[in-house]
Structure formats: structure tokens, C-alpha cells
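Let's take a walk through this one together, starting with a pair of strands and working outwards from there. Have the viewer open and follow along.

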Amino acid sequence: MIVPFAARAEVRISGFGTLGAAVSDQDFIYQRFIDDGGTLNRDSLIGLQLDAQLADAWGLTLQAKAAPSTHDENAWEPTLSWAFLSWRPDNDLLLRAGRLRLPLMLYSANSDVGVTFEFARLPTEVYSLLPTTDVNGLSFARTWLDGSREWTLEGYLGTTETHWRYYLRDNMEPLFPAGVSFLSYDFVMGGLTLSRRERENIWRIGLHRTDAEADQGPIPRKFPFVTLVPGTDIGYYQVADAMPGPGVSFVDKYIIYVLTLGVEMTLPQDVRLVGEYGQRRVDNASIAGPNTHAAYLSLLKRIGRWTPYVYWAGIRSRPPALDFGDALNRNRVPDVIPGAAAINATQRAGADMLGPFDQQSWAIGASYSLSPTSKLKAEWMHTRTGVLSSLVDPPAGEDSGGRQINVFSLSYSFAF
């Protein structure tokens with residue numbers, strides 16, 4: 001007689017959460033939520049996971065979480081982060097289908113489970129390379145041994161809908177409404193990662209491709225310059241077709257490549273070194289601010305239940321993209337030109353839409369293990385922005401560049 005999967009399933013329910021507070025010494029918004037008024041929204045979340053062993057080789061995983069919305073500044077919402085069926089035909093091969101977590105960075109799979117890492121939050125400069133970490137599709141993981149080394153090759157292919165956040169300083173309705181906007185994108189994603197584990201040391205490399213198609217239609221590729229006074233550089237960049245000019249150049253979708261490198265290794269005296277690098281390139285739109293390099297390097301030392309750490313992190317758009325964003329942001333036409341104020345506002349709005357990045361952070365913190373499944377964490381972080389940074393929402397009429405921000409964070413993470 002055949003017994004249905006459900007009748008034989010071994011079910012395990014677990015949960016996790018973080019209650020995190022963060023406050024800065026600035027009155028503008030940083031990393032979407034943080035200012036001098038303090039916030040619980042930057043790091044807080046709660047989740048529940050169900051793992052069912054349906055048969056010897058089959059499993060089902062469901063994970064739901066409640067956290068700040070990815071498309072609304074003022075709301076929390078529940079999401080289904082994981083929902084996949086897994087099949088392990090042998091000990092060395094794992095196949096999965098459904099809603100999956102991307103093997104993007106070292107901590108991507110467990111980025112919501114704060115008790116599994118020591119940082120108050122994973123370095124934003126690197127862990128914001130893509131606005132989503134989940135995909136609907138298929139994946140495989142193949143493992144093999146080479147002496148004391150374990151190699152794992154992972155691959156995935158899938159689709160998802162996500163939202164990219166923009167902040168515009170100036171109100172130019174209906175073209176450019178001031179404040180926060182979320183643009184919806186349909187992603188087609190695929191990638192491969194190769195990892196080598198030897199004792200407690202991990203080395204990892206990955207290459208990923210995303211085809212991002214905006215729901216609102218074609219996406220700007222190039223803003224042409226319109227000269228107003230012949231023989232001079234007085235003019236403006238045409239950032240919308242509604243403005244006079246030869247027309248904005250568009251593409252149907254952005255083709256984004258992401259290269260990732262990661263290492264985690266044990267040093268003498270119970271010191272760990274963790275570092276990651278990410279390079280994001282928009283292949284068919286060279287002016288786009290998301291053409292970036294990002295990295296962090298950290299040292300952590302376990303002292304009983306304490307793990308103090310220090311890290312440096314940075315993100316910077318490629319020079320052509322950053323230079324263009326800076327030129328667009330600084331471009332002004334003289335007040336004697338009719339409509340000069342409106343023209344100048346469009347230049348700032350265009351720079352905001354490009355999403356440029358230029359910043360670096362230093363952080364010092366520590367975690368304290370209350371138990372194997374709970375941690376207290378505290379961190380002080382100092383951030384400096386260079387030319388511009390889309391992680392900062394500057395006040396109207398001001399720039400995101402040239403800023404210094406101090407952030408203090410305190411959190412409690414747990415799992416059960």
C-alpha cells in the first residue's frame with residue numbers, strides 16, 4: 001500500500017526574530033529609516049519556518065516573516081520568503097523548486113536570522129547589491145570531497161517581482177514627485193557559485209545575471225545634453241521626453257551582472273577574518289549609478305561569550321557613472337534663462353534617479369551570547385559619503401555627498 005507523503009511527514013517548526021533599535025546624529029534619513037529620532041524599523045523582524053521530511057529523499061520548507069514593507073515606507077507586511085520542495089537523490093546532490101533564497105553572499109541564506117552572525121547588521125554597502133534575495137525557480141547544489149576540502153557548486157534560475165527604492169529631493173509633478181518612490185521591476189535571474197570549505201575556512205566565488213524589466217515601461221539608458229547658448233556649456237541634460245530635446249535614449253530592460261567573492265577564515269588567537277567583494281555592472285546602460293564596486297573586511301575575536309568586531313565597508317559607482325551623476329547634479333543654468341528654476345530642479349531629479357553611490361563606513365561592535373539561540377548586540381558605525389550616495393535622503397535643496405553620519409545600534413536576536 002502507498003502511504004501519502006503527508007501521513008509520513010516529520011515536521012519541525014522553528015522561529016527567529018530581531019528587535020533592533022538604531023539612532024543617528026543627523027536629522028536626515030539614512031538607510032531608509034535611521035535618523036536622530038531613532039527607529040525600530042531598520043533591523044526588526046520576526047519569522048517562522050516549517051521543515052517537513054516527506055520521505056527519505058524529499059522535503060518541504062516554508063518560511064514566513066513579518067518586516068518593514070519593501071514597497072511602502074510606513075508599513076510592515078508578511079511575506080513568504082521560502083516555499084520550496086527539495087529532493088536529495090544522494091548525499092552529494094540537492095535539487096530544489098519553489099521560492100528560494102539566492103546564494104549571493106556568504107550570509108545571504110541566513111541574513112534574516114540575526115543570531116547566526118555577530119554583526120549588528122550585515123554591511124549595507126555589500127548586502128544591498130540587489131533589492132531582493134529571493135527568487136521563484138529551480139536550484140541545485142552539488143558537493144564533492146577533495147581530501148580535507150569540501151567543494152560545493154550551486155546554481156539557480158528563476159523569476160521574481162521586486163521594488164527599487166528612489167528618493168527625489170524636488171517636487172516636479174507629474175514628472176518627478178518629491179520624496180520616496182518604489183518602482184516595480186520583473187527580474188529574470190540566474191547564477192552559479194563555487195565554494196570551498198576546509199575545516200572552518202570558506203572561500204567563495206559567484207557570477208550572477210539579472211534581466212530587470214520595469215513595469216512602467218522602457219528604462220532610460222542615456223540623457224542627451226541640450227545646449228541653450230551656442231558656443232558655451234550652458235544647457236541641460238534632457239532627463240524626460242516631456243522636456244525639449246532630441247529625446248531620451250531607452251532600453252527595454254537592464255542587463256545586470258554581479259560578481260561576488262567571499263572569504264571567512266580562522267586566524268590565531270581565536271580571531272576570524274571575514275571579507276566580501278561585489279561588483280555590479282549594468283551591461284547596457286553605462287550612465288547608471290548601480291554600476292558599482294562594494295566590499296567589506298572585518299576582524300572578529302571570540303572572548304568567552306563576547307565577540308567584539310571591527311569592520312570597514314565601502315561602495316562606489318564606477319567613475320564614468322559617478323562623474324556623470326555628479327555633473328548632472330551640479331549642472332545649473334543662469335537665472336536669466338526662462339524657466340531656470342524648473343530646469344535646475346530636473347537636473348537634481350535626474351541625478352537622484354541614477355542612484356549613484358560613493359561612501360565608506362567604519363564600525364566597532366560586539367555581540368554577547370546569552371544562550372546558543374540568543375544574542376545581544378551593540379555597534380557604533382561612522383559613515384562618510386563622497387560625491388553622492390543614494391543611501392542618504394538629503395533635505396530638499398541639499399546633496400547626499402560630503403556627509404558624516406554616526407549610528408548607534410542595539411539589538412536582541414533569537415531563534416527557537
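Over how many bridges do E8 and strand E9 pair, and in which sense, parallel or antiparallel? This is a predicted model, so keep that in mind as you look. The pairing is antiparallel and runs over 20 bridges, with E9 covering residues 179–198. If you want a spot to check by eye, go to Tyr 167, whose bridge partner in E9 is Val 180.

Now turn to the other partner of E8. Strand E7 (residues 134–146) pairs with E8 (residues 149–168), again in the antiparallel sense, and here there are eleven bridges. Asn 136 is a handy marker, since Thr 159 in E8 stands opposite that residue. The hairpin of E7 and E8 has two residues between the strands, and Gly 147 takes a positive phi there, near 65°.

Positive phi turns up again further along the chain, this time without a glycine. Head for the loop between strand E15 (254–267) and strand E16 (271–282), where Gln 269 lies. Gln 269 has a positive phi of about 65° although it is not a glycine. Asp 270 lies in the loop between E15 and E16 too, and its phi is also positive, at about 60°, again in a residue that is not a glycine.

Are these two loop residues buried or exposed? Gln 269 counts as exposed because its relative accessibility is 62%, and the cut-off for that label is over 50%. Asp 270 has a relative accessible area of 54%, so this residue is exposed as well.

Time to zoom out. The protein chain has four helices and 22 strands. Its C-alpha atoms fill a box of roughly 85 × 50 × 40 Å along the principal axes. How does the radius of gyration agree with that of a compact globule? For 416 residues, such a globule would have a value near 22 Å, and the protein chain has 23 Å, so the two agree.

Contacts and burial fill in the rest of the picture. Of the contacts with a separation of 6 or more, 62% are between residues 24 or more positions apart. Among the 416 residues, 51% count as buried.

On the outside, the protein chain exposes about 19,400 Å², and carbon and sulfur atoms supply 59% of that area. As for charge, there are 37 positive and 45 negative charges, and their mean positions are 6 Å apart.

How values were computed. Residues are numbered from 1 along each chain as its sequence is written. This is a predicted model: local features need pLDDT of at least 70, side-chain atom pairs count only at pLDDT 80 or more; totals for chains, interfaces and linings use all residues. Side-chain values use heavy atoms; hydrogens and water are left out. The radius of gyration is taken over C-alpha atoms; the globule rule is 2.2 Å times the number of residues to the power 0.38. Buried means under 20% relative accessible area, exposed over 50%, partly exposed in between (1.4 Å probe, protein chains only). Contact means heavy atoms within 4.5 Å. Accessible areas come from the Shrake-Rupley method with a 1.4 Å probe; for residues, only the protein chains shown count as cover. Lys and Arg count as positive and Asp and Glu as negative; His and the chain ends are not counted. The place of a charge is taken as NZ of Lys, CZ of Arg, CG of Asp or CD of Glu. Two strands pair if DSSP finds at least two bridges between them.
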